[in-house]
Amino acid sequence: MTTRRDVLTAGLAIAATAAAGEVQAAPTAAAHSADPAAHVDPFIGTGGHGHCYPGATRPFGMVQLSPDTDNARWDACSGYHHDDGTMLGFSHTHLSGTGVGDLLDLLVVPRTGPVVLAPGSLAHPEGSYRQRFTHDDERAAPGYYAVRLPDSGIAAELTAGERIGWHRYRFPAAGHLLIDLAHGARDEPDPASEGYDPPRRTPVTDASLRLIGHDMLVGSRRVQQWANGRVIHFALRLSRPFAEAQLFSNDRPVGGDAVAGASLKAALLFPDAAAAPLVAKVALSGVDVEGAIRNLDAEGGGWDFDRVQADARAAWTAALGRLQVETDDAAQARIFHTAAYHAMLAPTLFSDVDGRYRGMDTAVHTLPAGQHNYSTYSLWDTYRALHPLLTLVAPERNADLVRGLARMTLESPNGPPVWPLQGIETHCMIGWHSAVVIAEALEKGVTGIDVAMLWPRFRTLAFDETVKGLDPYRRLGYIPSDKVAEAASKTLEYAYDDWAMARIAEAAGAHDDAARLRERSRNYRHLFDAKTGFMRPKLADESWAEPFDPRALGHDTAHWRDFTECNAWQATFLNQHDVYGLIDLFGGDTAFEAKLDALFAADSSLPAGAPPDVSGMVGQYAHGNEPSHHMAYLYAYCGAPWKTQARVRMLLEGQYRDAPDGLSGNEDCGQMSAWYVLSALGLYPVDPVTGVYVFGSPLHARATLTLGGGRRLVIEAPGVGADAPYVQEVRWNGRPWRKSWMGHADLSRGGTLSFRMGKTPNREFGKVPGDRPPSFGRLAHA
C-alpha cells in the first residue's frame, strides 16, 4: 500500500497547481536510492513526545520555516504537533525536539476574505485566522514543505536558504498575507481562561514594523521568555507590490508606514492574488534590520523558488551523503536517514553574511572570514552522541561549532555555556557540558581553540564559583539534598564535568589543576550506598535522605527533587568516565553485571509527578531521556559485551518507528537520533572525552561514512539479521580485532570495519580485561 511517506523521493518535484490548488507528489523512491535525502521523512517525531517540526531548513541553517499548529502546550514545543487539525500559519524559527518552547518568530498567514487578527486556539478556532488542514494535503522533504488549506483553497510551499525563508502561495481569489509579530511560544496564562488549551500571551517587547515601498516590510522584536531578552530582526520582500498595507498595534489599526509597541501585526493586501503565484522571501538577523536586508540581498537574488528548493535539496543530499546505509527495507531506510537528518538540524547558524553576530555579552562582534557563530546548543543532551557523530562525518562543521562554544565562554558574563539560544544563556539543565564538547574536540585534534585564554574561565568555574551547589560540592565532595535542589544529579554530573575540565587544563599546561580535577571527578563515590546498591541523595549531616525509593525523583518532592529528569535507578549508572571505579563499588564484574540486568528487568512504573521526559521505559532504563543513553554499553566494561549487543539491538528496534510518533522521547536537538545513527553503525561513545567508541550491534549489512579529507569508513556486518544481533568476530582492514572498542584516531583515518554477526552470542569476544574499553585512563583489572 502506498502511504504518505512513500512519496518522499529524491527530487520530490512537488508542485501546487494554480487551477486546482492541489499539492502533488512525484513517484515513489526505492529503498536503495542513491540519494539518501529521498528516504527522509520530516514527519517522523512530529507526534507523540518527539517535538519535531516538519518544515523547510538547510543543514544547521538559521531559518527553520515551518507550520505552527499550536504554541501553548508542552507537546507543541516545536510549534507543530501531528495530532492537531488546524494551522496558524508559517513562522521562521523552530526548536527541534526540545522540552521547552521558544522562537516561532515572524508568523506569516496567507488568507482570503476579510483580515482576521485573532489567533484563536486549538480548542476554540472559530472566528480566528486559523485554518483547517489534513495530513493527506501535506508533503515534506529535506528543504521543502507544502500544504493545501481547504478553508481558503490556498496552496502553500516553503523552502529555505541559509538565512532566508522562501514562501510561494497560490491563491484561488483575492487574498492577503497577515504578518503577526506578536506570535510566539506562549507564556503568562490568562487567569480567566479555563480548559486544556488556555489563551496565553507571548511576552514580546520593543517590537517595530516598517514598510519600505510597496514590496518590503522590515521589523524587530525582543522576547522575554526562555531565552530571556533575545532579539531578532527581519526583512520581508515580495515578488510583486501589495495594493494596500494595514498596520495594527494591539489589534487596532494605526496610520503611517511604521509602528512600534508590543503586539504588532501587518496585513498586505493583493486583490490580484489569483493572477500568479506570490513569492515572499524573509531574511533574519540577530544584529539589526540592516543586517537582515544585507542577508536578503546577498542570498536572496531573483524569484526562482524552484531553484532555491533544488539548492536546498542539493545541500541535504551532500550532507546526508556522508552517511549512508544499504538496505532493501524501505522503513529501515527512512528511520536511519531521517535520524541522520535530525542530527543535522542544530546547532543553528546565527551570524550574518558580513560576519557580524550578537554575542553572549549582547554586544555585536565580527568574525574573521570563513567562521560562523551558532545558536541552539542543547548541551546536556548533545555532548553524548551528536557531537561525537559530527566529529566523524562532519568534522569541519563540528570544529566550527566547538570554536563557537569556546568563543561564547570568553564572551559570556555567565561563564562557560549551559544552553545558549540566540545569544542568550537560558541556564537550562545542570552542569557545564560545554566543557565536555570542548574537551572531546581537544582529544580529537580540533585546532583553533585558544586554551591559554579559555582555561582561566573554566578554572574560575572549577575552583572559585559558588553557584548551583559548587561550594558544598568542593568542601564535602557532594551536594546536600536538604540544601540544594536536584543535588544528587548535580553531584554526579559535576563529577563528569570535572573530568572534562581536567582535559582542558592538561591542554593548557595546567597539570596540577588537571590532577586536582581528575581526583575530584571521583566525587560520585560519596553518593554510593553499598547497602542498597544505589546512588542516593545525602543530607548535610552525611546521613542518607529518607524515605528512599529508587523509582522516586526525590525524598521530599513537596519541596524539590533530588534528581534531574531521572531517579536513583538511572543515576546509579550515570558514571561515564570511571566505569571501573564504579564496578569496584559494586564489588566486581559479576555484581555490576547483575545490577545492569536488574535495571532492564525492573518494574517500569514511575511514581506520580514523574516528568514526561522520563519515557521509553525498559525496566527502569529510560531511553526517551538522555541520562540512560550510554547504559546498555556498560556491559562491555564488565566483560559481557554480548549483552550490550542484545540490549542495543532491542532498543534500535523497539524505541524507533517509521511513524510520526516514532521517537520514544524528545528529539532534543539531534541527540535521540544521533544515538540511533551511531548505534545502527555498531558504535557508541560512552565517554566522549576519552575518544573511544564501544562496539554494539550494527543494524545494516553495509554502511559507508565519508570522513574528513574525503576518507571513507566502511562498516560491514555479514550475517546480520533480525535474529542475528551477536558479534562473532571483528576485523579491521582485514585483520582480526579482539577489542570490544576502537579509538577515534583509528576510525577517523578510514578503513573497513567488519563485524561477522550470528544468532548466538560469542561470550569470549571482549571478555578478557585487556580487550575491554579503557576508562579513567586505565583498563579493567587483570
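# Reading the terms in this model

Colleague: With 782 residues, what radius of gyration would a compact globule have, and what does the protein have?

Modeller: A compact globule of 782 residues would come out near 28 Å and the protein has 26 Å, so the two agree. The radius is taken over C-alpha atoms, and the globule rule is 2.2 Å times the number of residues to the power 0.38. Along its principal axes, the C-alpha trace spans about 80 × 55 × 50 Å. This is a predicted model, in which local features need pLDDT of at least 70 and side-chain atom pairs count only at pLDDT 80 or more, while totals for chains, interfaces and linings use all residues. Residues are numbered from 1 along each chain as its sequence is written, and side-chain values use heavy atoms, with hydrogens and water left out.

Colleague: How many helices and strands are there?

Modeller: The protein has 17 helices and 42 strands. These are DSSP runs numbered from the N terminus: H or I with at least four residues for helices, E with at least two for strands. Of the contacts with a separation of 6 or more, 68% are between residues 24 or more positions apart; contact means heavy atoms within 4.5 Å.

Colleague: Why is Ser 220 called buried or exposed?

Modeller: Its relative accessible area is 11%. Buried means under 20%, exposed over 50% and partly exposed in between, using a 1.4 Å probe and protein chains only, so Ser 220 is buried. Ser 220 belongs to strand β17 (residues 216-223). Its side chain makes a polar contact of 2.6 Å with that of His 233 (a pair of N or O atoms within 3.5 Å, one able to donate a hydrogen and the other to accept it; residues adjacent in sequence count only if both atoms are side-chain atoms). Beyond four places in sequence, its contacts include Leu 181, Asp 206 and Val 289.

Colleague: How do you know that helix α7 is largely enclosed?

Modeller: Nine of its ten residues (434-443) are buried, so the rest of the structure largely encloses α7. Among the buried ones are Val 436, Ile 438, Glu 440 and Leu 442. The cover over them includes α4, α5, α6, α8 and α10.

Colleague: What is the orientation of α13 to α14?

Modeller: Helices α13 (residues 579-586) and α14 (residues 589-601) pack at about 95°, with axes 7 Å apart. Angles run from 0 to 180 degrees between N-to-C directions, and axes are lines fitted to C-alpha atoms over the stretch in contact. Under 35 degrees is roughly parallel, over 145 roughly antiparallel, 65 to 115 roughly perpendicular and the rest oblique, so this pair is roughly perpendicular. The residues that meet are Val 579, Leu 582, Ile 583 and Phe 586 in α13 and Asp 589, Ala 591, Phe 592 and Lys 595 in α14. Six are nonpolar, none polar and two charged.

Colleague: What makes the phi of His 51 and of His 427 worth a remark?

Modeller: Most residues other than glycine have a negative phi. His 51 has a positive phi near 60°, and His 427 one of about 60°. His 51 is buried at 0% relative accessible area, whereas His 427, at 40%, counts as partly exposed.

Colleague: Where are cis peptide bonds found?

Modeller: One joins Ala 346 and Pro 347, with omega about 0°; another joins Glu 546 and Pro 547, with omega about -5°. Pro 347 sits in the loop between α3 and β25, and Pro 547 in the loop between β32 and α12.

Key
Ala, Val, Leu, Ile, Met, Phe, Trp, Tyr, Cys and Pro count as nonpolar, Asp, Glu, Lys and Arg as charged, and the others, Gly among them, as polar.
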